[in-house]
Amino acid sequence: MTDTPQAAPKKLRRLLLTGATGAMATAIRPLLSELADTVVVSGRREVQNLLPHEENCCASLDDFDAVNAAVAGCDGIIHLGGYSVEGPFGPIQDANIQGVYNLYEAARAHGHPRIVFGSSNHVVGFYPQSETIDAQAVPRPDSLYAVSKIYGEALARMYFDKFGQETAILRIGSCFDYPKSHRMLATWLSYEDFVSFCQTAFHAPKLGCPIVYGMSNNTRSFWDNSAADYLGWTPKSNSEDFVAQVQEAHPNPNPNDPLNVYHGGTFPELPIVTETKDD
Ligand code: 15L
């Protein structure tokens, strides 16, 4: 009997990674050589310790010309750039409102490369953890940051309906090396599963503009991704492997602590930040 040769995984030629100096991007960068021959790493600052498959391209998201230059020639985009926590409205507006518009206009000018849009679970952050929801659930943003992500999701949808621009909207849960709290046993997304999601999104025969919750194959979860089954994404990590570790670190979780009440954990109780540090 002869072995059937395995088809080599498909690769992009040139992939743009925005937000490349952020913690999540820094963690996944080494894995992206599986996805593309060249990865253009883009952030406001230059990436240090460039890997062999990487090229630097500095771009502040609110600068259209810089974003346009970063997008030129790319056949896929992973958008992790922008303001990624709650904060004052000004910088959120620059990066997550103006910046995402700039990204989509640049993609429109350069042949509509598929985009993985890093949205956030905080767009549904006010739902109680006792309730399981799917992508159809009415958004319940828990912060200005989350409101800006809903704008990004809406923009992605508009560019799909108007121009056919395909985007995978990934409402990222908690993408860390391991789950750090009881809540994260439900929301955890491993780096490997994030990268396999991107691989699926870039090569699915039909992508469209689905909303997917960015979680691993966790036994505990309060999100239902069945509407995106057609993509064929099969996350492999399971937070159950870390239950003992989480229990040891947090032996008596308080059921009334917001962290254990809301999908968005502590975010629903954060104040609105009205001042920037420069004020
Ligand atoms: C996010 O959107 C944040 O960017 C990240 O820092 C975590 O807070 C994550 O959500 C989470 O909800 O765990």
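**The ligand and its pocket**

Reader: Which residues are around the ligand?
Author: In this predicted model, the residues around the ligand, each with a heavy atom within 4 Å of it, are Ser84, Ser120, Asn121, His122, Tyr145, Gly173, Ser174, Arg183 and Phe267. Residues are numbered from 1 along each chain as its sequence is written, and side-chain values use heavy atoms, without hydrogens and water. Local features need pLDDT of at least 70 and side-chain atom pairs count only at pLDDT 80 or more, whereas totals for chains, interfaces and linings use all residues.

Reader: How far is the side chain of serine 174 from the ligand?
Author: An N or O atom in the side chain of serine 174 lies 2.6 Å from an oxygen atom of the ligand, and for asparagine 121 the corresponding side-chain distance is 3.0 Å.

Reader: And what about the backbone of serine 84?
Author: A backbone N or O atom of serine 84 is 2.5 Å from a ligand oxygen atom.

Reader: Switching topic, which pocket does the ligand take up?
Author: The ligand takes the space of the largest pocket, where a pocket is an open set of points on a 1 Å grid over the protein atoms alone, reached by a 1.4 Å probe, with protein on both sides within 12 Å along at least five of seven lines, and lining residues have an atom within 4 Å of a point. A molecule sits in a pocket if more than half of its atoms lie within 2 Å of its grid points.

Reader: How many residues line the largest pocket?
Author: The lining has 47 residues, with Leu80, Gly82, Tyr83, Ser84 and Val85 nearest the centre of the largest pocket.

Note on methods: A polar contact is a pair of N or O atoms within 3.5 Å; within protein, one must be able to donate a hydrogen and the other to accept it, and residues adjacent in sequence count only if both atoms are side-chain atoms.
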